[in-house]
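Good morning, and thank you for joining. I would like to walk through the charged side chains of the structure shown here.

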Amino acid sequence: EKVKQFSKELHRVNKQRLEAGQAAGPKPTPKPEPKPNARAKALEFAKNVPKPKVEPRAVQIGESKAPNEGGQPGKVGSSPSQMPDTDEQDDLEEIRWREQQHYEN
């Protein structure tokens, strides 16, 4: 009995509070957007920066990571379309030569 009476009173009080809250006026307006911080400025700037176009790398077939015998640097690729330009080829040959020297010592 007391529980039912308490429940009714609680329901009545909650209803009064709800009506009083609606009669008091509309909810306060939300705060305007805060000033942008450094991170927000950087993100906005990054959206407008032109991005470089990435060229796909060609996969080189026939490369061997094991040292070569005979002291000669290895050759890369098997067809002219797979051969890197001469600067890259020279660099690769030098790297292989140095690797071979390292393995011998």
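**Salt bridges and a charged patch**

Arg98 and Glu94 are four residues apart in helix H3, and therefore about one helical turn separates them. They form a salt bridge, with their closest N and O atoms 2.9 Å apart; the term denotes a side-chain nitrogen of Lys or Arg within 4 Å of a carboxyl oxygen of Asp or Glu.

Please note that this is a predicted model, where local features need pLDDT of at least 70, side-chain atom pairs count only at pLDDT 80 or more, and totals for chains, interfaces and linings use all residues. Residues are numbered from 1 along each chain as its sequence is written, and side-chain values use heavy atoms, leaving out hydrogens and water.

How many salt bridges does the rule give? The count comes to three. In helix H1 (residues 2–23), Glu9 and Arg12 lie three residues apart, and their side chains meet at 2.6 Å, N to O. In helix H2 (residues 38–48), Lys47 and Glu44 are also three residues apart, with their closest N and O atoms at 4.0 Å.

As for accessibility, buried means under 20% relative accessible area, exposed over 50%, and partly exposed in between (1.4 Å probe, protein chains only). Lys47 is exposed at 63%, whereas Glu44 is partly exposed at 45%.

Finally, Asp91 is found in helix H3 (residues 86–104) and is partly exposed, at 46% relative accessibility. Overall, the protein has three helices and zero strands, and buried residues make up 7% of its 105 residues.

Technical notes. Helix = DSSP H or I, 4+ residues; strand = E, 2+ residues; numbered from the N terminus.
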